[in-house]
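Student: Hi, I have a structure to look at and I'm new to it. Could you walk me through it?
Tutor: Happy to, let's open it up.

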Amino acid sequence: MSSGSNGARRVASLLRPSIIDSGVCRSCQETLGRRSYSSAAPAIESTSASTAADPAVKPAYIINAGVVLSRPPQITRELEPFEKAFFFYQKRLNERLALPFTKYFYFKRGTPADEDWKKKIQERRTAARDIGKYNAYDSDAWNDELLLGAKESEPEHQVEALVQDAESTANATSQDTSKKEEIPRPYPRITEADKKNDQKSLDRLLSRTLYLLVQSKEGHWKFPSSPVESGETLRLAAERTLAQSAGINMNTWFVGFHPVGWHSFNPRRSKKADSATEIEAPGSKIFFLKSRMMAGQADLSVNTQDLKDFKWLSKEELAQYLNTQYYSNIKNMLADR
Amino acid sequence: MSMHTSLRRTAATITNSTTTILPTRPPTQSSSTTFICSQCRHATLLRRPKRPYTFTQLITLSDGSTFTHRTTSPAPIYRSTRDTRNSLLWNPSSSKLMNVEEDEAGRLAAFRARFGRSYDASAPVAEEETAKDPAAAKKAEADAKAQIKADQEEEDNLLDLISAFGQNEAPPPPEKKPFKPSGKK
């Protein structure tokens with residue numbers, strides 16, 4: 001069947017006026033040929049003319065492998081005011097719905113811990129420490145809303161209440177009354193690097209993803225990237241790029257073998273009129289592979305990629321350092337947080 | 001209040017279940033079966049689930065990171081001493097958690113100088129020590145050389161023994177070597 005139809009096609013193509021060059025594949029030839037019978041013939045003439053001019057200005061691109069190295073968020077995000085209010089409301093509601101606290105299951109009668117517990121319940125009217133003064137079994141249990149500006153719904157305030165409670169219990173029940181027990185507070189969400197805005201530090205912006213950005217000798221910022229060598233896969237090239245640019249003193253993990261995004265620099269052509277088709281500098285296509293960083297720090301002192309500086313930046317800060325086209329191509333492959 | 005279903009049946013005369021759901025079957029006078037199959041619309045009491053009282057507790061992991069969770073325990077703070085943050089399994093790249101031998105007083109080194117390394121649990125790792133202490137490195141090198149020499153001597157003696165086997169006159173006994181402790185046996 002195939003030979004017969006092939007023969008028919010060949011005869012048809014011989015009979016047809018040949019307006020198509022031999023560089024076009026057969027199915028495309030057929031499409032164009034069919035169209036040539038229709039009324040759209042002039043349009044085809046123009047496109048074939050433009051395709052005839054194309055091969056001379058064929059752009060040359062260098063394939064690059066880029067690394068989007070990210071440090072994942074270390075702490076949870078800040079809560080919105082509505083979320084704080086909602087969680088606080090749920091806690092007081094839970095006071096009314098759950099069974100009352102069975103004290104004698106946890107505290108033996110007459111022990112110092114029991115005495116301390118009784119004293120504290122007198123003060124705060126409820127077993128919970130983080131919901132302020134509220135008793136779910138009182139006549140004013142309906143009045144569970146906070147006043148404007150109240151601190152009780154703030155997570156920091158709740159944690160502080162827990163720590164203070166633990167401290168006072170430790171002081172009240174310990175044998176040694178001479179020294180005060182001090183329980184260390186949790187580390188603040190704002191670190192030293194945040195205050196100094198140290199963009200090389202990995203301790204900055206703990207609740208955000210940070211991305212490694214490097215600066216070339218010419219002064220422009222980019223993700224680490226380098227041309228793929230022959231016989232090298234994209235993933236291998238990306239791993240080599242990372243080792244050559246940011247050093248090996250990092251515990252990293254590449255997420256996959258496929259790029260998550262790409263950006264292309266167009267080839268630069270010379271300005272002269274006679275050599276309009278000459279390519280001065282070839283363009284490059286950068287394919288970015290995603291990588292995560294667990295431990296370590298970037299070190300450019302031994303880099304072989306002509307880099308002079310690096311920074312760890314969040315997604316919003318990247319926009320200030322990258323050029324607009326580059327950023328618009330990469331922004332959708334970065335995490336929001 | 002009551003967990004009984006509204007469909008009450010006395011199963012004495014019912015042979016199979018299909019007969020119970022056939023409404024068209026004429027009731028026989030002799031049967032004592034009672035069907036109450038009409039829809040019931042009275043409210044049934046849904047008991048409130050018994051939920052124990054829960055507190056908010058602050059968990060402090062061994063590296064100082066904290067989070068709060070809800071628990072029935074009345075302790076306000078829980079501090080963990082061993083968790084994923086200081087486990088070698090979860091931190092394979094942490095040199096702090098590696099099982100590195102600390103010998104500040106030099107007692108282990110003294111023991112080894114006297115009795116050798118045959119008592120070590122695993123093969124000796126000399127690289128880390130050499131990196132730290134040049135004197136110890138020199139000493140270890142000398143030790144290794146002596147060890148090799150002793151091994152060679154022993155081997156020669158054995159070869160002598162083999163070559164001399166079966167000959168009439170007994171070969172002169174190999175000179176008594178002082179006891180040299182060696183790791184490999």
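Student: Where in chain B is confidence lowest, and where is it highest?
Tutor: In chain B, confidence bottoms out in helix H1 (residues 17–20), with a mean of 43, and peaks in strand E1 (residues 55–60), at 95. The score is pLDDT, the predictor's confidence in each residue, from 0 to 100. Helices (H or I, at least four residues) and strands (E, at least two) are DSSP runs, numbered from the N terminus.

Student: And what does chain B average?
Tutor: A pLDDT of 71, with 58% of the residues scoring at least 70. Over residues 1–22 of chain B the pLDDT is below 50, and beyond near neighbours in sequence this stretch has 21 contacts in the model. Two residues are in contact if their C-beta atoms, placed from the backbone, lie within 7 Å.

Student: Any ground rules?
Tutor: This is a predicted model: local features need pLDDT of at least 70, side-chain atom pairs count only at pLDDT 80 or more, and totals for chains, interfaces and linings use all residues. Residues are numbered from 1 along each chain as its sequence is written, while chains are lettered from A and ligands numbered from 1 in the order in which they are written.

Student: What ipTM does the predictor give the complex?
Tutor: An ipTM of 0.72, along with a pTM of 0.63.

Student: How many residues of chain A are in contact with chain B?
Tutor: 20 residues of chain A, which meet 15 residues of chain B. Helix H7 (residues 155–173) of chain A gives the largest share of chain A's side, six residues.

Student: New topic: which residues of H9(A) are buried?
Tutor: Ala237(A), Ala238(A), Thr241(A), Leu242(A), Ser245(A) and Ala246(A). Buried means 20 or more other C-beta atoms within 10 Å of a residue's own; exposed means 12 or fewer, and partly exposed is in between, with C-beta atoms placed from the backbone.

Student: Why are they on the same side of H9(A)?
Tutor: Because they cover an arc of only 135° around the axis. That arc is taken from the directions from the helix axis to the C-beta atoms.

Student: What do they pack against?
Tutor: Strands of chain A, including E1 (61–71), E2 (210–216) and E9 (283–296).

Student: What comes just after H9(A)?
Tutor: Gly247(A), which takes a positive phi of about 85°.
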